[in-house]
Each structure stands twice: as C-alpha cells, then as structure tokens.
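Biologist: I am new to this structure and would like to learn how to read its helix packing and its pockets. Please show it first.

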Amino acid sequence: MRRNILVFIVLLSISLCSKISANYPYWEQRQSMFELLPVDSTDIVFLGNSLTDGGKWSEMFNMPNIKNRGIVSDVIAGVAQRTKCITSGKPAKIFLLIGVNDISHHITADSIATAVEKLVMQLKEETPTTKIYLQSYLPINNDFGVYKTLTNESETILKCNVLLEQVAKRTGAEWINIFPYMIDRDCKMRAELTPDGLHLYERGYCVWRDCVAPYIAPGVTFTDEAYPIPENSIMLAGNSLMRKAEWQELLANGNVRARGTWDDTVQQLPILVGNIAWTKPQKMLIQPSYDSKTENGAVSGNFNADSIVAYTEKAISVLRERSPKTTIYLQGLIPVNSGYEKYASFAGSGKAIKQANKKLQKLAKKLKINWIDVTPILSDSKGELKEEFTNDGYSLMGAGYKAWADAIATSLE
C-alpha cells in the first residue's frame with residue numbers, strides 16, 4: 001500500500017511538471033520543428049532542457065550529425081512526451097541531461113531518480129540499438145540570486161547525482177559525471193562559467209564539451225573557442241527568430257551557422273553583423289527586424305521603414321569593410337500576426353510591411369547584393385503571418401521555419 005502511494009505521488013509530480021513544460025508556446029514551437037527534422041542511425045542526439053538547448057553542439061565538434069533536441073524549461077515528463085520523433089530514427093547515441101527544472105519544482109531526489117530511470121528505460125525500449133549516455137546534473141551558484149526556486153537545492157543536486165549514477169548502472173547507460181569539472185572550492189558552479197548561476201557562458205560549454213568528447217570524438221583537440229566559424233561558412237544573421245532554429249538541419253548544410261540578437265529590434269543588427277564579419281564568411285544572409293517595441297517588450301507595428309533601411313545599410317557597410325569577399329543576401333521583413341494581444345499593434349500592417357520591403361529591395365539593388373523576399377510565402381491575404389506558422393503571433397512553429405528555409409535554400413546554394 002505504501003509503495004502504491006509513493007508511485008502515485010511520483011506520477012502526480014510528473015504530471016504537474018508536464019503541464020508546466022509542455023503547455024507553453026516555446027515548447028510547442030521547438031517540438032513542432034523537431035517533428036519535421038529527421039533523425040537517423042548515424043546521428044548523435046543531445047536531449048534535455050535549456051542547458052542542452054543553449055549549446056551549439058554540431059558546431060562544437062564540427063559534426064553536422066550531432067542534433068540538438070533541448071527545450072528551455074523542459075522537465076523529465078516533457079522529454080518523455082517527445083521521444084518518438086527521436087527514437088524512431090534509431091540514432092547512434094543519445095546524451096541525456098534532464099531534471100534540474102523538476103528540482104526547481106521541489107520534487108524530491110528519489111522521485112526524480114525514479115522518473116529518470118523510467119525515461120531511460122523508455123528510450124532503451126524504443127531504440128534498443130542506441131547507446132544512452134546519462135549525464136550528471138551541473139552545479140548551481142545561488143550567489144547570483146537569480147533562481148529563487150533553486151535556493152537551498154544544492155544538496156538535492158548532489159543527492160540526485162549519486163542516485164543517477166546508480167540508475168546508469170542498473171539500466172546499462174554510460175555515466176558521465178560533469179559536476180566535478182564545474183565546481184569551485186565551495187562546491188558551487190564556478191562564477192566564470194555562468195551568467196546567472198545556472199546557465200552557461202561559452203567557456204562553460206567548453207568544459208561540458210571536453211567531458212563528453214571522449215565519447216564522441218576521442219583524441220580530438222579543441223581550442224578555447226566553443227563555436228569556431230570555418231572560412232567556408234554560410235552565416236545567417238538576424239533576430240531571435242533566427243537564433244531559435246536548427247538551421248543546419250533545416251537547410252541540410254553543415255556549413256551553415258546562425259546568429260541572432262537577444263533584442264529583436266534592428267538597432268542591434270550592425271553590431272551582430274560586424275562581429276560575424278571578422279570571421280570572413282563565404283556568404284551571409286542578413287535578416288532585418290522592426291525598429292520599435294511596445295510597452296510589453298514586443299516588437300511594434302508602429303515601425304519606421306526608413307530607420308530599418310538605415311540600420312540595415314549600416315550593417316552591410318560594416319560587413320563589406322571587414323569582409324569584402326563575402327557574398328551578401330538581404331532578406332525582407334517577416335510578417336507578424338496581430339490576432340494575438342501582444343502583437344495587436346500590427347493590425348493592418350500588411351501594407352506597411354510590403355512598402356518597407358520594397359525599400360529594402362531598393363537598397364539591395366543600390367548596393368548590388370542579392371535580394372530574398374520571404375513575406376509572400378509566410379503571410380496570409382492580409383499580409384500578416386499565417387496562423388498555421390505561429391502560436392503566439394511572432395515566433396515560428398516548425399511549419400513556419402520549414403517554409404522560411406525552403407524560401408532561402410535555393411539562393412544560398
């Protein structure tokens with residue numbers, strides 16, 4: 001009877017975390033993209049939450065067959081819901097790191113270990129030929145004071161890691177203990193590895209990379225740079241929409257590298273493009289954004305086309321100065337759907353977006369660079385982002401990214 005009650009509590013906790021994880025826009029956006037991107041038996045998959053999501057794994061190893069299947073804020077139950085689109089391809093290896101968000105929901109270490117063990121067994125049942133690597137939880141550093149729900153949870157992480165190592169032994173998964181390589185003398189995450197006490201700077205990903213490298217590319221040496229950009233690279237530079245997608249997979253091209261600003265406005269574009277320009281890419285696609293925001297932080301439909309053109313021209317000028325041999329592609333603005341309250345300011349903006357794109361096209365002609373207009377493919381009859389391409393009015397679902405990628409693929413090739 002006592003065991004039945006414990007199992008019920010574990011399942012209830014998992015169910016609650018599942019609702020937290022799987023019912024918010026980004027989870028749906030990311031998962032809908034994964035469902036369109038095939039995985040095969042030669043692939044290596046990194047599976048987890050924001051820590052995994054934040055790493056450009058294929059770039060770290062310069063191996064296009066490494067696939068990122070991380071989703072910000074995901075929990076154990078959320079991953080369990082989305083395994084089929086990964087395991088159906090019978091990948092060669094899966095590197096799993098999931099559970100820190102469950103800890104933040106104050107789930108006990110025993111319950112978390114039970115849920116992870118169930119997940120590992122699920123993966124092994126769905127794809128018996130795949131080698132499973134279970135990675136330890138990373139340390140946290142509450143001195144930053146950012147994640148209040150993880151305050152006093154350092155002991156839980158330590159206990160989880162002890163239990164997860166036992167899970168690995170029972171299930172036949174390979175155990176990779178990353179924790180000791182990221183701690184300081186007080187057993188906290190080293191401050192130089194993290195911006196907030198939980199997530200990682202690039203130097204933090206370098207430590208993680210070095211821990212898993214023997215299981216992926218034994219004998220390979222790396223530089224201190226997490227994401228080196230090769231000379232034959234095709235760079236995509238834009239806003240958060242650009243940053244959130246798996247472009248190597250969408251474009252089926254291992255030379256593609258995508259970089260996006262955290263601020264979605266075009267004012268940041270010259271800085272972003274200028275930084276990329278030092279790497280002398282072979283090609284670069286530049287994606288302008290809008291130039292103003294509303295009080296709630298969303299891009300605004302009250303944009304100024306001339307301002308957008310001016311910042312875009314500045315970005316192109318910096319690129320040409322620093323990398324004159326780079327072939328440049330200029331893309332039009334991506335439409336927004338005003339049916340969502342956050343983007344209500346875009347109501348009736350279809351005509352204004354079309355006029356702004358005409359000015360951007362005129363700029364491309366003046367500067368003798370390639371022009372790509374994706375608006376006709378992404379917009380409905382009113383000139384707004386198609387309903388099937390978004391679940392929040394601005395960010396893209398998998399179908400939206402697929403349409404965008406198809407629109408630029410031929411030109412970039």
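Modeller: We can start with one pair: helix α13 (residues 269-277) and helix α14 (residues 305-322) pack with their axes 8 Å apart, at an angle of about 15 degrees. This is a predicted model, in which local features need pLDDT of at least 70 and side-chain atom pairs count only at pLDDT 80 or more, while totals for chains, interfaces and linings use all residues. Residues are numbered from 1 along each chain as its sequence is written, and side-chain values use heavy atoms, with hydrogens and water left out.

Biologist: How do I read such a pair?

Modeller: Two packed helices are described by the angle between their axes and the distance between the axes. The axes are lines fitted to C-alpha atoms, for helices over the stretch in contact, and angles run from 0 to 180 degrees between N-to-C directions. Helices (H or I, at least four residues) and strands (E, at least two) are DSSP runs, numbered from the N terminus. Angles under 35 degrees count as roughly parallel, so α13 is roughly parallel to α14.

Biologist: Which residues of α13 make the contact with α14?

Modeller: Contact means heavy atoms within 4.5 Å. On the α13 side they are Leu-269, Pro-270, Val-273, Gly-274, Asn-275 and Ala-277. The contact residues of α13 with α14 divide into eight nonpolar, three polar and two charged. Here Ala, Val, Leu, Ile, Met, Phe, Trp, Tyr, Cys and Pro count as nonpolar, Asp, Glu, Lys and Arg as charged, and the others, Gly among them, as polar.

Biologist: What does α14 do with helix α15 (residues 350-367)?

Modeller: These two pack at an angle of about 30 degrees, with axes 9 Å apart, and are therefore roughly parallel to each other. Among the residues that meet are Ile-308, Val-309 and Ile-316 in α14 and Leu-360 and Leu-363 in α15. That contact has eight nonpolar, one polar and five charged residues.

Biologist: How do the axes of helix α8 (residues 109-126) and helix α9 (residues 154-171) cross?

Modeller: They come within 9 Å and cross at roughly 30 degrees, which means that α8 is roughly parallel to α9. The residues of this contact divide into 10 nonpolar, two polar and five charged.

Biologist: What lines the largest pocket, and which residues are closest to its centre?

Modeller: There are 42 lining residues, and Asp-53, Gly-54, Lys-56, Arg-243 and Trp-262 are the closest to the centre. By class, the lining has 18 nonpolar, 11 polar and 13 charged residues. Strand β7 (residues 256-260) gives the largest share, five residues. A pocket is an open set of points on a 1 Å grid over the protein atoms alone, where a 1.4 Å probe fits, with protein on both sides within 12 Å along at least five of seven lines; lining residues have an atom within 4 Å of a point.

Definitions and conventions. Parallel < 35°, antiparallel > 145°, perpendicular 65-115°, else oblique.
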